[in-house]
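Reader: I am new to reading protein structures. Could we go through one together, step by step?
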Amino acid sequence: MKNHIIPLKLVALLADGKFHSSQQLAHILDISRADVNKHIQTLKSWGLDMYTVYDKGYSLSTSIQLLDQKKIFSYLNQPNVSVIPVINSTNQYLLDRIDQLSSGDACIAEYQQAGRGRRGKKWLSPFGTNLYLSMYWYFKQKPVATMGLSVVIAIVIAQIIQSLGASDVRIKWPNDLYLDHRKLAGILVELTGQTTDSVHIVIGVGMNLFMNTLNNLKVNQNWISLHEVGMNIDRNALAAKMLNSLRQTLPIFEQNGLKPFMMHWESLDDFMNQPITLLIGESEVHGIARGINEQGALLLEENGKINSWIDGEISLNARFDIN
């Protein structure tokens with residue numbers, strides 16, 4: 001954190017989106033103007049879009065709302081969350097401290113240096129524009145009982161976003177959130193310390209709130225942010241709402257599995273009754289999506305027969321036509 005003290009103070013000064021002269025910033029931060037420029041480069045490396053104008057100074061391309069731990073705590077039912085501005089990965093932060101955690105402990109960050117998604121993919125995490133959140137849970141049952149957990153988490157998050165006004169949010173099995181057929185959020189569930197009768201779980205959620213076009217150059221798939229559809233989200237309130245909802249939902253799932261949530265899937269499934277291609281390693285399986293079963297497996301109709309698949313990824317680019 002010590003290496004980030006000045007850049008974090010600098011971004012707080014620039015968060016209003018107004019121009020600030022290098023002389024003014026240098027005076028407030030008690031550093032040289034050359035050092036101001038050096039730290040501006042750090043902010044750019046964090047994914048912040050900066051303007052530099054002669055005789056005016058520096059500004060962000062737009063104002064940003066910084067995470068505020070006190071505000072987040074005020075919204076939470078249980079205030080056991082760490083707010084860390086710059087981190088490698090919120091999931092990894094919890095995994096590294098797994099023996100010190102209690103169910104519901106969480107971590108939220110402004111910027112991830114090594115954010116990751118499913119299947120080892122990198123999760124682009126620009127500073128101060130999106131939501132990067134992870135939560136720990138100790139599951140007091142056999143690991144097999146966690147099947148369907150990622151589906152439940154996706155349902156919970158989708159319902160929260162719908163309640164805020166994005167009624168068209170849907171889920172791409174098993175747990176990606178889509179809006180207008182573009183990716184809005186991803187969920188990464190990691191299990192560790194598995195025994196025959198218990199398992200440690202870390203749940204990570206990354207959601208695009210104010211992602212800008214600058215970052216589009218680095219993303220290899222179509223994405224969308226809530227700001228793009230006119231939603232001005234309070235990141236602090238949203239983070240707390242997610243944590244409150246997950247902490248209320250996981251005991252229900254632990255007791256009853258996926259069954260109580262099945263009724264919500266059909267209306268949220270982005271591919272229900274559509275012809276799709278399921279990618280499994282180097283193989284492709286073609287069929288018609290018929291929902292999920294009570295283990296969270298995808299039901300795929302292939303040549304008139306419905307088979308279940310617990311692994312794989314629906315391809316958005318490889319559909320097939322029904323003759």
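Author: Happy to! The accessible surface of this chain comes to about 15,600 Å², and keep in mind that the model is predicted. Of that surface, the share belonging to carbon and sulfur atoms is 47%.

Reader: What radius of gyration does the protein chain have, and what would a compact globule have with 323 residues?
Author: Let's start from the length: for 323 residues, a compact globule would have a radius of gyration near 20 Å. The C-alpha trace spans about 70 × 50 × 35 Å along its principal axes. The radius of gyration agrees with the globule value, as the chain has 21 Å.

Reader: How many helices and strands are in the chain, and what percentage of its residues is buried?
Author: The chain holds nine helices and 14 strands. As for burial, the share of the 323 residues that counts as buried is 52%.

Reader: Is Leu-278 buried or exposed?
Author: First find Leu-278 in strand β10, which covers residues 275–280. Its relative accessible area is 0%. Buried means under 20%, so Leu-278 is buried.

Reader: Which strand pairs with β10, and over how many bridges?
Author: Follow the chain on from β10 and you meet a hairpin with two residues between the strands. In its turn, Gly-281 has a positive phi of about 65 degrees. One bridge joins Leu-279 to Glu-284. The partner strand is β11 (residues 283–292), and the antiparallel pairing runs over six bridges.

Reader: Which residue in β12 stands opposite Ile-292?
Author: Strand β11 also pairs with β12 (residues 298–302), in the antiparallel sense and over three bridges. The hairpin of β11 and β12 has five residues between the strands, and Gly-296 there takes a positive phi near 85 degrees. Opposite Ile-292 stands Leu-298.

Reader: How far apart are the C-alpha atoms of Leu-278 and Leu-298?
Author: These two leucines are 20 residues apart along the chain. Leu-278 is nevertheless in contact with Leu-298, and its other contacts include Trp-173 and Trp-309. Their C-alpha atoms are separated by 9.7 Å.

Reader: Is Val-144 buried or exposed?
Author: Look in the loop between β5 (131–139) and α6 (149–163), where Val-144 is found. Its relative accessible area is 55%. Exposed means over 50%, so Val-144 is exposed.

Reader: Which residues form a nonpolar patch with Val-144?
Author: This patch lies on the surface, and its residues together have about 300 Å² of accessible area. The partners of Val-144 in it are Met-147 and Ile-310.

Conventions
Residues are numbered from 1 along each chain as its sequence is written. This is a predicted model: local features need pLDDT of at least 70, side-chain atom pairs count only at pLDDT 80 or more; totals for chains, interfaces and linings use all residues. Side-chain values use heavy atoms; hydrogens and water are left out. Patches are made of residues with over 30% relative accessible area and no salt bridge: like charges are joined within 9 Å, nonpolar side chains (Val, Leu, Ile, Met, Phe, Trp, Tyr) within 5 Å. Accessible areas come from the Shrake-Rupley method with a 1.4 Å probe; for residues, only the protein chains shown count as cover. A salt bridge is a side-chain nitrogen of Lys or Arg within 4 Å of a carboxyl oxygen of Asp or Glu. Helices (H or I, at least four residues) and strands (E, at least two) are DSSP runs, numbered from the N terminus. Buried means under 20% relative accessible area, exposed over 50%, partly exposed in between (1.4 Å probe, protein chains only). The radius of gyration is taken over C-alpha atoms; the globule rule is 2.2 Å times the number of residues to the power 0.38. Contact means heavy atoms within 4.5 Å. Two strands pair if DSSP finds at least two bridges between them. Lists of a residue's contacts leave out its neighbours within four places in sequence.
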